[in-house]
Amino acid sequence: MQLRNRIRVLIVDDCAATRITLRAILNNNQYEVIGELNDGKKLDSTIAKLHPQIICLDHLLPEKDGLTLLSEIRAAYPHISVVMITGSDDIAVRHNAAMLGAAGFICKPFSQKQVIEVLQADAHTEDMLMIAAKQVNPFADQPYHARAVIADDSLTMRRLLTNILAHMGVEVIGEAYDGKQAVELVSEHRPDIACLDFEMPVMNGLEALKIIHHQNAATKVIMITALASRELFTQATNAGAKGYIIKPFHPDKVTQSVSRILAS
């Protein structure tokens, strides 16, 4: 079932070669590159004129850096997904971008597969949010029966998971964008469940799982992953994980998994 027309993408990068490559990758039946900018000077007026759904934003730009622009976009246009483009291996860059609300990351040098996977994951999440928004929440006027902390460096993933959990009576009492923050939130709030993405900056989900299981054994940890890897599952299970959510995920499947784990 197709929920949207071609997804409108704006590219902001001071490297012409990067813009050309991204345009070639994205101009297909699913995406439409509606504009390109080599800096952030006219970004606000361009957004107002072209109405992009996704902005691919380089983190190093002349005059005003990408992280500052990301913060401004999220404040003025919270409905627009911002995917950061970076050639840096500095984890602080990804950490700060995740904290500011980046929907995903394209790492230079990038491949067509990487770009499409990042944007497809974001588009799928937005579609699921649209579906969830149309559903009546049966727990809207009832007290929550469980509490959760969720950790994912993608804001859209956190939004979707928070929405799904709310529809099953689970209150999200803390959101983390890296494993270290997840450990701190679980220690502070002692939730019934913690949902941890495997891939996060600063501290990954597996490392966070080991600490949480040691310090807060009563919290049931559910791992989130886009890779159905037996090796990862074995490592996580041995470290104390109670279950898994596979990306891209659907509300019904998440509800089934979380309900089973809460009841165990």
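Is Asp153 buried or exposed? In this predicted model, Asp153 counts as buried, at 5% relative accessibility. The residue makes a good starting point for a look at the charged pairs of the structure, and the helices follow from there.

The side chain of Asp153 meets that of Arg94 in a salt bridge, with 2.7 Å from N to O. Asp153 sits in the loop between β6 (146-151) and α6 (155-166), while Arg94 belongs to helix α4 (residues 91-100), so the pair ties together parts that are 59 residues apart in sequence. Unlike its buried partner, Arg94 is partly exposed, with a relative accessible area of 31%.

Another salt bridge involves Asp152, whose side chain meets that of Lys247 at 3.0 Å, N to O. This pair, too, links distant parts of the chain: Asp152 lies in the loop between β6 and α6, and Lys247 in the loop between β10 (243-246) and α10 (251-263), 95 residues apart. Both Asp152 and Lys247 are buried. Elsewhere, Asp13, Asp58 and Lys108 are joined into one network by salt bridges that share partners.

Side chains of opposite charge can pair when their charged atoms come close. The structure holds twelve such salt bridges, and one of them joins the side chains of Lys64 and Glu72, with an N to O distance of 3.1 Å. Here Lys64 counts as partly exposed, at 34% relative accessibility, and Glu72 is likewise partly exposed, with a relative accessible area of 38%.

Turning to helix packing, α3 (residues 66-76) and α4 meet at an angle of about 15°, and their axes are 9 Å apart. Because this angle is under 35 degrees, the two helices α3 and α4 count as roughly parallel to each other. The contact draws on Leu67, Leu70, Ser71 and Arg74 from α3, together with Val93, Asn96, Ala97 and Leu100 from α4. The crossing in which α3 passes α4 is right-handed.

Helix α1 (residues 16-26) offers a view of how burial is distributed around a single helix. Its buried residues are Thr18, Arg19, Leu22, Ile25 and Leu26. Seen down the axis of α1, these residues fall within an arc of 130°, so they line one face of the helix. On the other side of α1, Ile20 and Ala24 are exposed.

Methods: Residues numbered from 1 in each chain as written. Predicted model: local features only at pLDDT ≥ 70, side-chain atom pairs only at ≥ 80, totals over all residues. Heavy atoms only, no water. Buried < 20%, exposed > 50% of the residue type's maximum accessible area, 1.4 Å probe, protein only. Helix = DSSP H or I, 4+ residues; strand = E, 2+ residues; numbered from the N terminus. Arc of directions from axis to C-beta. Salt bridge = Lys/Arg side-chain N within 4 Å of Asp/Glu carboxyl O. Axes fitted to C-alpha atoms, helices over the stretch in contact; angles between N-to-C directions. Parallel < 35°, antiparallel > 145°, perpendicular 65-115°, else oblique. Left-handed = near helix turned anticlockwise from the far one by under 90°. Contact = heavy atoms within 4.5 Å.
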